[in-house]
Amino acid sequence: MGMTDVLVVGAGPTGLVLACDLARRGAAVRIVDRSPAPPRTSRAKGPNARSLEILDDLGVAEEVLAAGSAPLPMLKYRDRLPVAETDPWADSSPSPDAPYDRGRLIAQWRLEEILRDRLARYGVRVELGREVTGLGEGPGGRNVDVTFAEGRTERARYVVGCDGAHSSVRKLLGIGFEGATAEDQVMVCGDVDLADGALDRTRWHQWFDEDGAVMLCPIPGTRTGWWFQAGPERDGRSRPLAPTADGFRRLLARHTALPGRALTRAELLSTYRVNVRMADRFHAGRVFLAGDAAHVHAVAGGLGMNTGIQDAFNLGWKLGLVLAGHAGAELLDTYEEERLPVAARTLDLTSERLRATLEAIRRPGGGLDAAITPDTTGLGVGYRWSSLARGLAEAPQAGDRLPDAPNAEDRVARNGERPAPQAGDRAPDAPCVDAVTGARTRLHRVFAGPRTTVLGFGPGSAAVLREVAASYGDAGVRTCRVYAAHEDRAMFGPEAAVVDDEGHAAAAYGTEASDGTGTGTGTGTVVIVRPDHHLGLSAPADDTRSVRAYLRRLHGGPRSAEGPADRFSGIGGRHR
């Protein structure tokens, strides 16, 4: 077995997304999991809107959509009687810049199955029953020596711990996991079968009484399977009892109009306590943490798995560029720089949503919809504070306060105009037409795949697109000319080209102003989109210096016949 570039520890959604992203970049990736078999847990209820965009980029969104269902209206009960029904998504709809306006319900084991199948197409399979018990620095600090429970030691250039809240990787690194567990905020959970026809499967049923609660959500892809969540039974001292099938039947009979015998099977039983913790740092040397290994938070809003998927999508392209020799190792410092503040913000957001939900369910008609806000779509998460979103001279200094991340409400039009995205923000989508084939497409399809994208708006962008294509065309950079509907398209360059036939791309990126009248006579705009679909740079098309400087940060110096790229290593991080 040759040298492993990246060893991913943990084969949940976070680890699988990271392994898929690295494998398609040609990295020698391996993924191990201590479980002897893939888990059948349903746990997380599915990807949010931003995670669906990531899964789309990985080529599995259609499968996920087919295997899951749309989020369901919530039917709330009090004293066994229905008192209110709410559809938290009733007022949302897809928009040109965000084709996914809501998440998808899908059992976690099914999502993992889809990702494992995608990974297998790259020739990579999860190595089950392999537990990491030791981590050491390899010769010269250029590798990590990984010891497994069976006694073998293997070597990898980088290791990423995606192994959950009880992460062995985090513990082996000695990284603190500060926070608190709320022993009094307890829920029992499991996957259950209800008698066929016992409940309407087009609703998420929620019984909230003064002395407890039961929630039942149908599991897509099953005929009689449901997610069961409830306040626990308690003993004489009011201590929560461990979940059992008979306990679930008693809870069902106490709070709902169903008899206990309607629950025919209960498995994967667990007790959930509200746990709010975050790692002190997200990496040590060549070892990184992602997902629950780095942060855990309240279940409200369903952001646990989704935050991990975004961790993986942020780290994957950076490891890929460093392994390919394009970027210096300093690029990897921006993973913690960008994702740690997002995790901290997510901890605050989910704790606030939990508080709002606990408040709401005290009143008849209150329910889990109180946890859902525009922020929980993930579409507003960005990195405006990042050193990758600012000039080198502006790199943050120790003690600087980070600017707030934009939230989802920033995407809402103000005075009929949507503010142009800034560097660090999620790159908007937009429907358009392939200029060559005439087929309908969209910008996120142009961005799809493991490359940086340079978009050119306006005639003045043609020269810089040609230069980028010549310098970086074989180094993971694609160029795409975005034509306005009225522009002359007689001269195609080497870049891909789309026609913004309805003006949605220009509106989304704020480039209508580049030519003032919309006649296409101005200089135009060049936009650099990072491989994770976040804006790196938006500049006037005649500012080739800024475009060159930014691409040098990610992809090294321009390729030339004389020799390999000179590496740029001044991203404002610690040299390793």
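Leaving aside its neighbours within four places in sequence, which residues is Ser167 in contact with? The legends below take up this question after an overview of the chain, which is shown as a predicted model.

**Figure 1. The whole chain of the predicted model, with its twelve helices and 23 strands.** The chain has 576 residues, of which 54% count as buried. About 23,800 Å² of the chain is exposed, and carbon and sulfur atoms supply 50% of this area. Among the contacts in the chain with a separation of 6 or more, 69% are accounted for by residues that stand 24 or more positions apart.

**Figure 2. Close-up of strand 3, made up of residues 74-78, and its covered faces.** Strand 3 is mostly covered, since five of its five residues are buried. In a regular strand the side chains alternate between the two faces of the sheet. In strand 3, Met74, Lys76 and Arg78 lie on one side while Leu75 and Tyr77 lie on the other, and the residues of both groups are buried. Strand 3 also runs parallel to strand 10, residues 204-209, and four bridges join the two. Within strand 10, the residue that stands opposite Leu75 is His205.

**Figure 3. Close-up of the hairpin of strand 3 and strand 4, with two residues between the strands.** Strand 4 covers residues 81-86 and pairs with strand 3 in the antiparallel sense, over five bridges. Arg78 has Leu81 of strand 4 as its bridge partner. Asp79 is placed in the loop between strand 3 and strand 4, and Arg80 is found in the loop between these strands as well. Most residues other than glycine have a negative phi, and most peptide bonds are trans. Asp79, although not a glycine, has a positive phi of about 55°, and Arg80, also a residue other than glycine, has a positive phi near 75°. Asp79 counts as exposed because its relative accessibility is 58%, where exposed means over 50%. Arg80, at 42% relative accessibility, counts as partly exposed.

**Figure 4. Close-up of strand 8, residues 153-161, with strand 1 as a parallel partner.** Strand 1, residues 4-9, pairs with strand 8 over five bridges in the parallel sense, and the bridge partner of Thr4 in strand 8 is Ala156. Strand 7, residues 144-148, pairs with strand 8 in the antiparallel sense over four bridges, with Thr147 and Thr153 as bridge partners. The hairpin of strand 7 and strand 8 has four residues between the strands, and in this hairpin Gly151 takes a positive phi near 100°. Strand 15, residues 287-289, pairs with strand 8 in the parallel sense over three bridges, and Val287 of strand 15 stands opposite Val159.

**Figure 5. Close-up of Ser167, in the loop between strand 8 and helix 5.** Helix 5 comprises residues 168-173. Ser167 has a relative accessibility of 0% and therefore counts as buried, a term that applies under 20%. A polar atom of the Ser167 side chain lies 2.9 Å from the backbone nitrogen of Arg170. To return to the opening question, once its neighbours within four places in sequence are left aside, Ser167 is in contact with Leu289 and Ala293. Leu289 falls within the residues 287-289 of strand 15, which pairs with strand 8 in the parallel sense.

Definitions and conventions. Residues are numbered from 1 along each chain as its sequence is written. This is a predicted model: local features need pLDDT of at least 70, side-chain atom pairs count only at pLDDT 80 or more; totals for chains, interfaces and linings use all residues. Side-chain values use heavy atoms; hydrogens and water are left out. Buried means under 20% relative accessible area, exposed over 50%, partly exposed in between (1.4 Å probe, protein chains only). Contact means heavy atoms within 4.5 Å. Accessible areas come from the Shrake-Rupley method with a 1.4 Å probe; for residues, only the protein chains shown count as cover. Two strands pair if DSSP finds at least two bridges between them. A polar contact is a pair of N or O atoms within 3.5 Å; within protein, one must be able to donate a hydrogen and the other to accept it, and residues adjacent in sequence count only if both atoms are side-chain atoms.
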